[in-house]
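Let's take a walk through this model together, with the structure open beside the text. We will go from one element to the next and pause at some individual residues on the way.

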Amino acid sequence: MTAPTSPARPTRILVTGGAGFIGSHYVRTLLGPEGPGDVAITVLDKLTYAGNPANLDEVRTHPRFAFVQGDICDPELVGKLMAEHDEVVHFAAESHVDRSIDGGAEFVRTNVVGTHTLIDAAHRAGIKTFVHISTDEVYGSIDEGSWPETHPLEPNSPYSSAKASSDLIALSYHRTHGLDVRVTRCSNNYGHHHFPEKVIPLFVTNLLDGKKVPLYGDGGNVRDWLHIDDHVQGIELVRTKGRPGEVYNIGGGTELSNKELTGLLLQACGADWETSVEYVEDRKGHDRRYSVDCTKIREELGYAPRKDFREGLAETVRWYRDNRAWWEPLKERAALN
Ligand SMILES: NC(=O)c1ccc[n+]([C@@H]2O[C@H](COP(=O)([O-])OP(=O)(O)OC[C@H]3O[C@@H](n4cnc5c(N)ncnc54)[C@H](O)[C@@H]3O)[C@@H](O)[C@H]2O)c1
């Protein structure tokens with residue numbers, strides 16, 4: 001007779017910034033019906049203006065979910081949590097470029113010092129895999145073609161410079177200590193639960209309220225749009241099948257100028273250009289175009305974005321139309337318009 005085998009323990013993942021836009025979608029997805037089923041998640045989140053406990057309502061009572069309110073810059077707390085986890089997926093950051101132009105100190109503190117605090121504690125605790133979520137903005141701006149992962153880092157804003165610094169710190173722990181660090185650099189995300197200071201939710205909620213939308217400069221800045229479902233798919237491929245010490249770009253495959261995006265949003269909300277669009281002074285140092293080359297994640301890990309942009313945008317607009325109670329207080333508190 002063979003001894004009964006004890007059921008495998010789920011992989012314990014520490015998710016930083018899990019009360020924010022993308023992190024909360026990652027947590028809801030992993031603990032939802034389509035999730036892998038073999039993970040237990042602890043969210044560590046400071047609950048800054050961008051962190052919203054309501055984003056985690058869906059999973060709050062899940063038996064494999066825990067929430068800790070705290071700062072990734074707190075070495076004592078971070079050290080204690082690392083000892084209780086197998087893997088880390090690190091989303092926590094100050095994430096809004098315009099705020100970094102008004103003042104970069106908090107961006108350096110959270111994005112640089114916070115990432116160092118986490119990665120150093122991860123190394124000391126023997127964390128198995130550390131996925132660092134970064135951004136395509138670390139590459140700078142590109143007029144033609146797309147960046148492969150080997151492109152030099154040429155960030156322009158205090159936000160992207162702090163993120164680039166955090167990428168380098170994270171990767172240095174792989175090279176120096178052999179820690180299994182994997183970095184993802186994604187394009188602009190869109191979808192539900194997006195804080196209404198960012199262009200898509202700001203424009204949609206303004207239009208739903210019959211207000212004008214502020215279009216920067218000549219509206220010619222180009223971004224690639226990635227639905228949060230596709231981003232989570234990419235992160236999971238990197239976490240489970242990626243290689244240590246590697247960087248993976250994740251894109252959505254839909255490049256649009258801000259003018260084109262505005263046109264689609266007006267259409268989706270039944271508004272017209274003349275009465276609803278107001279050109280405003282351009283953002284300082286505004287990057288003209290971002291474009292990631294996703295050959296590596298496609299060929300190596302089988303990634304392919306699945307969400308059709310128009311469909312994803314229509315679903316997003318519908319969500320904001322149906323969830324005023326989520327965004328109205330946020331806009332009021334942050335005096336956004
Ligand atoms: N949103 C995008 O389009 C996009 C694009 C590329 C990369 N990214 C990256 O993805 C990650 C997540 O972005 P997001 O849009 O979900 O951001 P977000 O601003 O919606 O959420 C950030 C979360 O981090 C938490 N946080 C901030 N400082 C903290 C600290 N010191 N300690 C603990 N928690 C803290 C906040 O409370 C919030 O819940 C970020 O690292 C960002 O740089 C985002």
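**A guided walk through the model**

A good place to begin is Asp45, which sits in strand 2 (residues 39-45). Keep in mind as you look that this is a predicted model. Asp45 has a relative accessibility of 7%, so Asp45 counts as buried. What surrounds Asp45? Leaving aside residues up to four places away in sequence, Asp45 touches Gly17, Gly18, Ala19, Gly20, Gly51, Phe67, Val68, Gln69 and Gly70. Take Gly17 from that list: 28 residues separate Gly17 from Asp45 in sequence, yet their C-alpha atoms are 4.9 Å apart in space.

Follow the chain past strand 2 and you enter the loop that leads to strand 3 (65-69), where Leu47 lies. Leu47 is not a glycine, but its phi is positive, at about 60°. With a relative accessible area of 24%, Leu47 is partly exposed.

Next, turn to helix 4, where you will find Asn111. Is Asn111 buried or exposed? Its relative accessible area is 1%, so Asn111 is buried. Beyond residues up to four places away in sequence, the contacts of Asn111 are Ala93, Glu94, Glu106, Tyr159, Ala162, Lys163 and Ser166. Four of these names will come back in a moment, for Tyr159, Ala162, Lys163 and Ser166 are among the buried residues of helix 5.

Helix 5 itself covers residues 158-177. Its 20 residues, at 1.5 Å a residue, should span 28 Å, and its end C-alpha atoms are indeed 28 Å apart, so the expected and computed spans agree. Besides the residues just named, the buried set of helix 5 includes Ser160, Ala164, Asp167, Ala170, Leu171 and Tyr173. What covers these buried residues? The cover includes helix 3 (97-102) and helix 4 (105-125), together with strand 5 (129-135), strand 6 (181-186) and strand 10 (247-250). Just after helix 5 comes Gly178, with a positive phi of about 80°.

Now look for an open sheet of three strands, whose order is 7-9-11 and whose pairing is mixed. Strand 7 (188-190) and strand 11 (255-257) form its edges, each pairing on one side only. On average, and with direction ignored, neighbouring strands in this sheet are turned by 45° against each other. Strand 7 runs parallel to strand 9 (residues 222-227), and three bridges join the two. Within this part of the sheet, Tyr190 stands opposite His227 of strand 9.

Leaving strand 7 for helix 6, the chain passes through a loop that holds His193. Like Leu47, which has a positive phi without being a glycine, His193 is a residue other than glycine with a positive phi, here near 60°. His193 has a relative accessible area of 10% and is therefore buried.

Helix 6 brings us to a helix pair. In general, two packed helices are described by the angle between their axes and the distance between the axes. For helix 6 (residues 199-208) and helix 12 (residues 324-333), the axes come within 12 Å and cross at roughly 100°. Helix 6 is therefore roughly perpendicular to helix 12. Which residues meet here? From helix 6 come Leu202, Thr205, Asn206 and Leu208, and from helix 12 come Arg324, Trp327 and Lys331. Sorted by class, the contact holds three nonpolar, two polar and two charged residues.

Strand 8 (residues 213-216) shows two faces: Val213 and Leu215 are on the covered one, while Pro214 and Tyr216 are on the uncovered one. The partner of strand 8 is strand 12 (residues 277-280), with parallel pairing over four bridges. One of the residues on the covered face, Val213, has Val277 of strand 12 as its bridge partner.

Our last stop is helix 8 (residues 258-269), where twelve residues at 1.5 Å each should span 16 Å; the end C-alpha atoms are 16 Å apart, so this helix agrees with expectation too. Its buried residues are Asn258, Leu261, Thr262, Leu264, Leu265, Leu266 and Cys269. An α-helix has 3.6 residues a turn, so residues three or four places apart point the same way. Just beyond helix 8, Gly270 takes a positive phi of about 70°.

Notes: Residues numbered from 1 in each chain as written. Predicted model: local features only at pLDDT ≥ 70, side-chain atom pairs only at ≥ 80, totals over all residues. Heavy atoms only, no water. Axes fitted to C-alpha atoms, helices over the stretch in contact; angles between N-to-C directions. Parallel < 35°, antiparallel > 145°, perpendicular 65-115°, else oblique. Contact = heavy atoms within 4.5 Å. Nonpolar A, V, L, I, M, F, W, Y, C, P; charged D, E, K, R; others polar. Expected span 1.5 Å × (residues − 1). Buried < 20%, exposed > 50% of the residue type's maximum accessible area, 1.4 Å probe, protein only. Pairing = 2+ DSSP bridges.
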